[in-house]
Amino acid sequence: MVEAASGRGGEATIADVASALLSAARERTPTVLKEWRRRESSRLALWSPVAFGAGAAMYLLRAAEPPFWIAALLLTAAIVLAGVLEKWRPVFFAAALFCSGFLVADWRVAAVDAPILEKKTGVVTVVGRLVAVDEAPKLRRLIIEAQSIERVDREKTPARVRVSWRGKAFDARPGDLISVRADLSPPPGPAAPGGFDFARQLYFQRIGAVGFTVSAPVVISEEAPPVMARARSFIETLRLRLARRIIEKAPGDSGAIVSAVITGKREAISERAEAAFRDSGLAHLLSISGLHMGLATGIIFFAVRAALALHERIAVAHPIKKWAAGAALLSGFCYLLISGGAWPAQRAFIMTSIFFIAIIADRRALTLRNVAIAAFLIILMTPEAVLHPGFQMSFAAVTALIAFYEWASARADPARSFSLGARLRRYVVGIGVTDTIAAAATSPYALYHFNRTANFGLPANVISIPVMGFWVMPAAIVAMALMPVGLDGPFWRLAASGVDVILSMGYWTMALPGAVTVFPQWPASALAVLTLGGLWLCLMSQPWRLFGIAAAPLAALLIAIEPHPSLFVSNAGDNAGVLYRQENGAKAIALFNPRKSGFAVRAWMEQAGINSEKSRPAKLEDIASCDGAGCVILIDGARLAISNEPSGLDDDCARADLVIALYPVSRPDRRPCKAKLIDKREAWNEGAHAVHLKRGAIRIESAAMARGARPWSQNY
């Protein structure tokens, strides 16, 4: 080797050494990679829900409804090829799972399909069965299983409608057949192209109309409701009564938050308290997830086991640990029902169930394989979950945490101290590490879906998680146990006092300078890259798992080159917002009419990376030339005209590159217009618009273009 690497005078040059090292690396790399691949073979099953979920996401994100037979044919081909080509079997199994996810999503869409209201109805009489009631401080939101809607044909009647009532309390309970006068509209589309699609979310709940009531519900007498209606009514009535009792015994935001973590009903929480939890990194405490399910079932497990251990004969003769696990499993199922069964709660229950079933079966409980099983089951039952931030953030956090602690436990010092002080130090450090990992795992999804992230979640969680675990949840469980005898009130107040501590921490954290960072809308490709990189980092076990880190710079590049809109038009076609830079370089938005489109404007600001809570929109007349007929402004080389009066349309069309007409323009009037034109009729038909302007070039995108022709969109 020395001779081969020697140069003149027998001395090795840098080039010769480098060449020798590269040669050795080339010879050894295939062997190393083969060994890594062999060791990873047992972990390939962890990727099953990834392929399955990717197929479901592909179906849901398509712009047009795909033919069923194509995916079925590809699935059959993948299964056949997996049986024939043994060397490529994992690849074809992954393809089969992808096609299966595609087909499951297709089947789910067909299973929940129901009519969607075509247009506004005005005030009509709605008759149907009251399914659920969510109570907020200023309104009640009702979900009604519609049987008839005045002036709407039976075959076009939505399966469910959601309406709001701002009046006084009423006597109707979930399960009752009711009549109500309501003003209904089709479910709203995105407030901006690429924004959150409320109509798609409501479609999978079979809600085809939304609106508000002008009268309290009137109960219609009937002999006997259907059996399933009675069962749903019992659970929903129990949730409603429990939420009311908690808030009655512990008024204010603290009681409303205790109610939220027990019943899943969050409507009674004030916007200020919601903002405090969100901007301090404590929002996960409001969602019934692994923390709450683990605490609730864990407390039951240890309490039952301790009670059984007090009886020596039972403790010696029977498997009390397994009995306690069974009791915890039953309590977890009851908690799932009472909580409303949201996706984070489903994931938490499945994971908790596997944990306690493993105890009963004398098996190891907390593994990535169990996470994969939970994800697979949820996608199988509700494939639309893969696009929901709750599902994505929940599984991102638990996958990253279990992967890290698997890695850390293999390197733990077996001679470490187990004294009280050492355990306390490890607990505090564990909370900090857990919060850091969970925040890192969930922040891409928070940034993509909500365009913001909390920067000081660590100190807030170090205080709040122990308070939730050792104060709030134990007090709430005792209160639940004492409810039948009416002694629960003091314990609900005790739980609420613990929430007061958490709220104080949240208010303090959100008030810190730089507590929140907002970002413009990310491209979906960046989130996909980060997801795949994170999964590779967590699911693989050999050193090549570090290749997953490369996803971060690639995603940053995709985000950097993503173009952002310069102008938004509301889906009602009655308002427009122009993005501009202030003198200090900060991005801001100016509105043609600041008194309209409040919800849409907040969505525009979020997409643009403007903090809507700390920045107020300006008036367009402050940055543009405006008169009674409209405004004209020059943006990045393009002249934009916003026309408010039809009389000025000809002049605007002659001088501007783009005209936004806040009124319908007829075809004869549109034809001679040389400029690109968006009018009110286009906004009605195609939803909100976004305009990209760059060096005089104009690109227009509508919500209809982004959504495609799908069952939940108006252009299907």
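## Disulfides

A disulfide is taken here as a pair of cysteine sulfur atoms within 2.5 Å. By that criterion this predicted model holds two disulfides. Chemically, a disulfide is a covalent bond between the sulfur atoms of two cysteines. With bonded cysteines counted along the chain, the connectivity follows the pattern 1-2, 3-4.

One disulfide joins Cys626 to Cys631, with an S to S distance of 2.0 Å. The link of Cys626 and Cys631 is right-handed, with 110° about the S-S bond. Cys626 is partly exposed, at a relative accessible area of 31%, whereas Cys631 is buried, at 5%. The other disulfide is formed by Cys653 and Cys673, whose sulfur atoms are 2.1 Å apart. The torsion about the S-S bond of Cys653 and Cys673 is about -95°, so this disulfide is left-handed. The pair links distant parts of the chain, 20 residues apart: Cys653 belongs to helix α21 (residues 649-655), and Cys673 lies in the loop between α22 (667-670) and β17 (676-678). Both Cys653 and Cys673 are buried.

## Surroundings of Cys631 and further cysteines

Cys631 is placed in strand β14 (residues 630-635). Neighbours within four places in sequence being left aside, Cys631 is in contact with Phe592, Leu620, Ala624, Ser625, Cys626, Leu640, Ala641 and Ile642. The C-alpha atoms of Cys631 and Val659 are separated by 10.0 Å, the two residues being 28 residues apart along the chain.

Two further cysteines may be described by their accessibility. Cys99 has a relative accessible area of 9% and is therefore buried, the limit being under 20%. Cys538, with a relative accessible area of 13%, is buried by the cut-off of under 20%.

## Helix α6 and its packing

Helix α6 comprises 23 residues (residues 227-249). At 1.5 Å a residue, α6 should span 33 Å, and its end C-alpha atoms are 33 Å apart, which agrees.

The buried residues in α6 are Ala229, Ser233, Glu236, Thr237, Arg239, Leu240, Leu242, Ala243 and Ile246. An α-helix has 3.6 residues a turn, so residues three or four places apart point the same way. The buried residues of α6 pack against one strand element, β1 (122-135), and against the helices α7 (253-263), α11 (320-339), α16 (457-482) and α17 (489-510).

## Strand pairing

Strands of a sheet pair through backbone hydrogen bonds, either parallel or antiparallel. Strand β3 (residues 160-165) pairs with strand β2 (residues 140-149) in the antiparallel sense over six bridges. Within this pairing, Val163 in β3 is the bridge partner of Leu142. β3 also pairs with strand β5 (residues 207-213), here in the parallel sense over five bridges. Val161 stands opposite Ala209 in β5.

Elsewhere, six strands form an open sheet with mixed pairing, in the order β12-β11-β10-β9-β18-β19. Its edge strands, β12 (618-619) and β19 (697-702), each pair on one side only. Inside this order, strand β10 (residues 576-581) and strand β11 (residues 587-591) pair in the antiparallel sense over five bridges. Val578 stands opposite Ala590 in β11.

## Pocket and cavities

The second largest pocket has a volume of about 710 Å³. Its lining consists of 22 residues, of which Leu44, Trp47, Pro90, Val91 and Ala94 lie nearest the centre. At least two lining residues of the second largest pocket come from each of α1 (14-40), α2 (48-61), α4 (89-112) and α18 (524-539). The most is given by α4, with five residues in the lining of the second largest pocket.

The model also contains two cavities of 30 Å³ or more. The largest cavity holds about 50 Å³ of space and is lined by Arg129, Leu130, Val131, Gly175, Ala229, Arg232 and Ser233. The elements that contribute two or more residues to the lining of the largest cavity are β1 and α6. Ala229 and Ser233, named in this lining, are also among the buried residues in α6. β1 is in turn one of the elements against which the buried residues of α6 pack.

Notes
Residues numbered from 1 in each chain as written. Predicted model: local features only at pLDDT ≥ 70, side-chain atom pairs only at ≥ 80, totals over all residues. Heavy atoms only, no water. Helix = DSSP H or I, 4+ residues; strand = E, 2+ residues; numbered from the N terminus. Expected span 1.5 Å × (residues − 1). Buried < 20%, exposed > 50% of the residue type's maximum accessible area, 1.4 Å probe, protein only. Contact = heavy atoms within 4.5 Å. Pairing = 2+ DSSP bridges. 1 Å grid on protein atoms, 1.4 Å probe; cavity = no way out; pocket = protein on both sides within 12 Å on 5 of 7 lines; lining within 4 Å. Points joined across faces, edges and corners; volume = space filled by probe spheres on them.
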